[in-house]
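Me: I am new to this structure and would like a close look at a single part of it, the place where empty space is left, together with whatever surrounds that space. Please take it slowly and explain each term as you go.

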Amino acid sequence: MDSTVAKKEEPVKLVMSTRTYDFMIDLVFKARGFMFDSFEEHFPNRSKDGKLDSPYPTVLMGNHVWEGDIPALAAVYKHITPKIKFAIPAREDILQKNFLQKEFRAKGILKLLFKLIDSMHLIPRFMGYIGCFPIKRPFRDNTRELVKSGELRNLVDQEWSTLAEKVSQGKNLFLFPEGTYNQDGYLNQIKKGVYFLRSKFKDLHFTSFTFTYDYLSSKKLELQIGYGSLFPISSEANTDEVAGIVREKLGSNYTVTVGNLASYILFKLEGKTKEKKERIFGLLKSVAEKVNTLHPEIYISKKLLGSGISLAYETFLKKASEAGFLKVEGEEIIFLEKLFHSHKDTHNLKKKNILLYHKNQLTYHFEKLDSIWSSIQAV
């Protein structure tokens, strides 16, 4: 008889949140007014309980738009249940010296403020405390050197192993599965990190949220956060299938806003040289109302359904006019050539054509929006 006793695997000790940890996150959350004019959150089935279930071990995924995604995570964290700490992979340079000065190259008073913050090492200390750990970004930072030395594959494998190690240590994991900022308003290619993690942990849970930024309908930008629910990923799913699942979850939670819906409508009018200002406003209201009635699964900004839509529409027209995409002459809107100019290279599309960038946010919803548009035009 075999006297060997099987060694029992010790349970993972969960790393739970602390009051100090929650306080630090809350400070960032309260500072959101400096960045955003308005802020809305949307939950599945229009639930108001404000819970984002994240049992251990959970991978929480979000789309990646810009540097502001990191402080925006403070809003997401407030809904996490239970309060298990997250490990957050972050760009290596964010945790290094003088990040703010190098990244933003600000001038005047803002430059002095960034210099002061950098000199006190506030960013690395804070980011490290809330669970951020540095990762290299070989596809941006030093690709040529790594390819030449043959180290690229090893580095990528090492980074994925680090993510798995953090989960094994009792933390949940947050990540941006695109790996880099999306450039055209919608999602980039989904990297293989989620597939790798799924192969490492049999009982891994997944949930998601999607940031939708509206740069056009208010003085500063508006932030919409659309939350998903826990979902499984089969252990039999291959890399393409996993990427497809992740892409669908992130894409479906984009929020319809004044900025992206008005942009969608303008591009539907391509071929025309002008249109009545009041007619476009009427189309904006009609499409928004039908989306809200026919497709409750699509998140929609409250501003589109309330009295705030008028001011938001005027702000949209003003910004679009200042950017050279249209001209408002009395009660008519003149479409300028720049609006419909095609861009083969969509890199940094927000700078090239911010209206097309906003329209692209609705990519996942195009089929339903096109059906609504057709029904309105048929009347």
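**The second largest pocket and its surroundings**

Reply: The protein chain has a mean pLDDT of 88, and 91% of its residues reach 70 or more, where pLDDT is the predictor's confidence in each residue, from 0 to 100. This is a predicted model, in which local features need pLDDT of at least 70 and side-chain atom pairs count only at pLDDT 80 or more, while totals for chains, interfaces and linings use all residues. Residues are numbered from 1 along each chain as its sequence is written, and side-chain values use heavy atoms, with hydrogens and water left out. Over residues 1-7 pLDDT stays under 50, and the model has zero contacts for them beyond four places in sequence, a contact being heavy atoms within 4.5 Å. Where pLDDT is low, the predicted coordinates should not be read in detail.

The setting of the pocket is given by the domains, whose bounds come from an automatic or database domain assignment: the chain has domain 1 (19-253) and domain 2 (258-378). Their centres, taken over C-alpha atoms, are separated by 29 Å, and 28 residues of domain 1 are in contact with 29 residues of domain 2. The second largest pocket lies between the two domains, because both give residues to its lining.

A pocket is found on a 1 Å grid over the protein atoms alone, as an open set of points with protein on both sides within 12 Å along at least five of seven lines, whereas a cavity is a set of points where a 1.4 Å probe fits but cannot get out; lining residues have an atom within 4 Å of a point. The second largest pocket has a volume of about 410 Å³, a volume being the space filled by probe spheres set on the grid points, which are joined across faces, edges and corners.

Of the 16 residues that line this pocket, Glu41, His42, Arg46, Ile300 and Lys302 lie nearest its centre. By class, the lining has seven nonpolar, four polar and five charged residues, with Ala, Val, Leu, Ile, Met, Phe, Trp, Tyr, Cys and Pro counted as nonpolar, Asp, Glu, Lys and Arg as charged, and the others, Gly among them, as polar. Strand β1 (residues 36-42) gives the largest share of the lining, four residues; helices (H or I, at least four residues) and strands (E, at least two) are DSSP runs, numbered from the N terminus.

In the loop between β1 and β2 is Asn45, whose phi is near 60°, a positive value in a residue other than glycine. Further along, Pro57 sits in the loop between β2 (52-53) and β3 (58-62), and a cis peptide bond with omega of about -10° joins Tyr56 and Pro57. Most residues other than glycine have a negative phi, and most peptide bonds are trans.

For contrast with the open pocket, a search of the whole structure finds two cavities of 30 Å³ or more. The largest cavity holds about 40 Å³ of space, and its lining has five nonpolar, five polar and no charged residues. Strand β8 (residues 205-214) gives the largest share of that lining, three residues, and the residues around the largest cavity include Asn63, Phe211, Tyr254 and Tyr357.
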